[in-house]
Amino acid sequence: MSENKILILDFGGQYNQLIARRVRECGVYSEVHGYEQMELSDIKAFDPKGIIFTGGPQSAYGEGAPSIDDGVFELGVPILGICYGAQLMAYRLGGRIDSAPTSEYGRTEVTIDDKNGILAEADDVNVCWMSHTDYISEPPEGFVITAHTTDCPVAAMEDRSRGFYAVQFHPEVNHTRHGSEFLKRFVLEVCGCEQDWKMDSFARTQIDRIREKVGTDRVLLALSGGVDSSVCAALLSKAIGNQLTCVFVDHGLLRKNEAAQVASIFGEDGQFDLNFVLVDAAQRYYEKLTGASEPEAKRKIIGEEFIRVFEKTAKQIGRHEYLAQGTIYPDVIESGLGKSAVIKSHHNVGGLPDHVDFREILEPLRMLFKDEVRQLGRELGLPEELVSRQPFPGPGLAVRIIGEVTEEKVHVVQEADAIYREEIAKAGLAGSISQYFAALTNMQTVGVMGDFRTYDYAIVLRAVQTSDFMTAEASEIPWDVLQRVMTRIVNEVDHVNRVLYDLTSKPPGTVEME
């Protein structure tokens, strides 16, 4: 992607994505690779301007612990170790690691002893995020201790002559005050990186690469209407025009008017040069989902049915040499890097199924984070309402309907969700809430409407604040706004007589209902 890049070696840390995102926010390209996937020769071939060791759950001195070829310390490349990465650096360079008498988790006050290195912007006592049971009890020769806590004698250390830096805390998380500045100082000043990672240059480069690779062949893309597949479609259209065919399967589980919006952007009267095929499969999906109430069962039915519909359509429209997917970098990372823990599997990671007849798969967004994908969409001219569209689950409203999915229930949640979105927008809150939606519970309650007793469904309103969707807090929506939403839903949406607001954070809950 760039000759000006940072290599992030993953030792099983839970925040590896955040590290890569923070580096890219500095305007510098970065990639995450599992430590066991990168031999010393691979690291040399990658030719990074700097290397970051991530955290991890093991002990650096333990048998079979994740490690690295000592030759990496002889490359003359600056290295930053974070948490386990700091302990690994200390251990491999001759320091001492011990089990900490007192483990540190969460918010921790760190006393800064030396601000001449990457901690220049730190407060004298800086609030940081810790998560460790081992600690560096003795730093290696040549290192200066730059920070400590009451229970951790080496909260940070530096050997500036060799370009080695280590922090026991996590600078990549928002909970660490000035953490982004620490990383920025390492990347820009210590590593000497130029800020040349920009979406306009990425778009130009990718368009040229796609044209060169595809030539006169044809490409088929499954267009969901979400941000990722839409940006992928726009990029491919700019590169190869009507050599691209987009198949949009309307499974009847989208938000209100969403299918029509996708068709207006990419269809015959839209702004992009491509072939657009709309498949109305809503009734087929409703029939297949009859009787299914367990979340994973619904997901499996929807996923398998999509494959069947897509395969049938692909055969009807004729051979295409390439299959394109809107895979993005978090999909790749979450699906596992070597021995790293799999957070969740993604259907679009792992290559082509054996039975699919394409020469190759194209994933032009594979190395981009979500915010970068959105910016690329703006560069390509996609409308802001699509580019800024909030995350939407692959199974659609099926996982925002608790229990069995029916056409009637889909209509109920579509109407309630549309009212909720409209009132949030009217109140000027849309841009300040990370994600919000209405869901339909499987609970019916007694109510009174007019002079009649009712026994109808309860709608749940969900709204969260988050920077990374790894953790989230319920948004504090003004009471008068919630009152208006409630009043409109119970009056305008059939079969609803109660509206609830979900206060649950993540963890222990999740953002979605199922």
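# How the labels in this model are earned

User: The crossing of α6 and α11 is called left-handed. What makes a crossing left-handed?

Analyst: Happy to help, and please keep in mind that this is a predicted model. A crossing gets that name when the near helix is turned anticlockwise from the far one by less than a right angle. The pair α6 and α11 is left-handed in this sense.

User: Why is α6 called oblique to α11?

Analyst: Begin with the geometry: the axes of α6 (residues 227-240) and α11 (residues 370-379) come within 9 Å and cross at roughly 40 degrees. Angles under 35 degrees would count as roughly parallel, and 65 to 115 as roughly perpendicular. An angle of roughly 40 degrees fits neither of those ranges, so α6 is oblique to α11.

User: Which residues make that contact, and how do they divide into nonpolar, polar and charged?

Analyst: Helix α6 brings Val227, Asp228, Val231 and Leu235, while α11 brings Lys370, Val373, Arg374, Leu376 and Gly377. They divide into 5 nonpolar, 1 polar and 3 charged residues. Glycine belongs with the polar residues under the rule used here, so Gly377 is counted as polar.

User: What makes a set of residues a nonpolar core, and which members of the largest one touch the most other members?

Analyst: The members must be buried residues of certain nonpolar types, joined through side-chain atoms within 4.5 Å. The largest such core has 77 residues, and Ile52, Phe266 and Leu376 touch the most other members. Helix α6 gives the largest share of this core, 9 residues. A second, separate core has 45 residues, including Tyr285, Val410, Leu429 and Ala438.

User: Which residues is Phe266 in contact with, leaving aside neighbours within four places in sequence?

Analyst: They are Leu223, Ser230, Ala233, Ala234, Phe272, Leu274, Phe276, Leu382 and Leu386.

User: How do you know that helix α3 is mostly covered?

Analyst: By counting its buried residues: 7 of the 9 residues in α3 (84-92) are buried. These are Tyr84, Gly85, Ala86, Gln87, Leu88, Met89 and Ala90. They pack against β3, β4, β5, β6, β8 and β9. Just after the helix comes Gly94, whose phi is positive, near 100 degrees.

User: Why is Ile97 called buried?

Analyst: The cut-off for buried is under 20% relative accessible area. Ile97, found in strand β5, has 7%, so it is buried. Its contacts beyond four places in sequence are Tyr61, Gln87, Ala90, Tyr91, Asp134, Tyr135, Ile136 and Ser137. Two of the buried residues of α3, Gln87 and Ala90, are among those contacts. By contrast, the C-alpha atoms of Ile97 and Cys232 are separated by 47 Å.

User: What makes Asp456 count as buried, and which residues does it touch beyond four places in sequence?

Analyst: Asp456 has 17% relative accessibility, which is under the 20% limit, so it counts as buried. This residue sits in strand β16 (residues 452-465). Asp456 touches Met443, Gln444, Thr445, His495, Val496 and Asn497.

User: Why is His495 called partly exposed?

Analyst: The relative accessible area of His495 is 36%. Buried needs under 20% and exposed needs over 50%, so 36% falls in between and His495 is partly exposed. You can find His495 in the loop between α14 (479-492) and β18. Its phi is also positive, near 70 degrees, in a residue other than glycine.

User: Where is Asp47, and what is its phi?

Analyst: Asp47 is in the loop between α2 (40-46) and β3. Its phi is near 55 degrees, a positive value in a residue other than glycine.

User: How do you know that Asp47 touches Glu3 and Lys5?

Analyst: Contact means heavy atoms within 4.5 Å, and Asp47 touches both Glu3 and Lys5 by that rule. Asp47 and Lys5 are 42 residues apart along the chain, and their C-alpha atoms are separated by 8.0 Å.

User: What is omega near in the cis peptide bond from Lys506 to Pro507, and in the one from Pro507 to Pro508?

Analyst: For Lys506 to Pro507 omega is near -15 degrees, and for Pro507 to Pro508 it is near 10 degrees. Pro507 lies in the segment after β18 (496-501), and Pro508 is in the segment after β18 too.

Technical notes:
Residues numbered from 1 in each chain as written. Predicted model: local features only at pLDDT ≥ 70, side-chain atom pairs only at ≥ 80, totals over all residues. Heavy atoms only, no water. Buried < 20%, exposed > 50% of the residue type's maximum accessible area, 1.4 Å probe, protein only. Helix = DSSP H or I, 4+ residues; strand = E, 2+ residues; numbered from the N terminus. Axes fitted to C-alpha atoms, helices over the stretch in contact; angles between N-to-C directions. Parallel < 35°, antiparallel > 145°, perpendicular 65-115°, else oblique.
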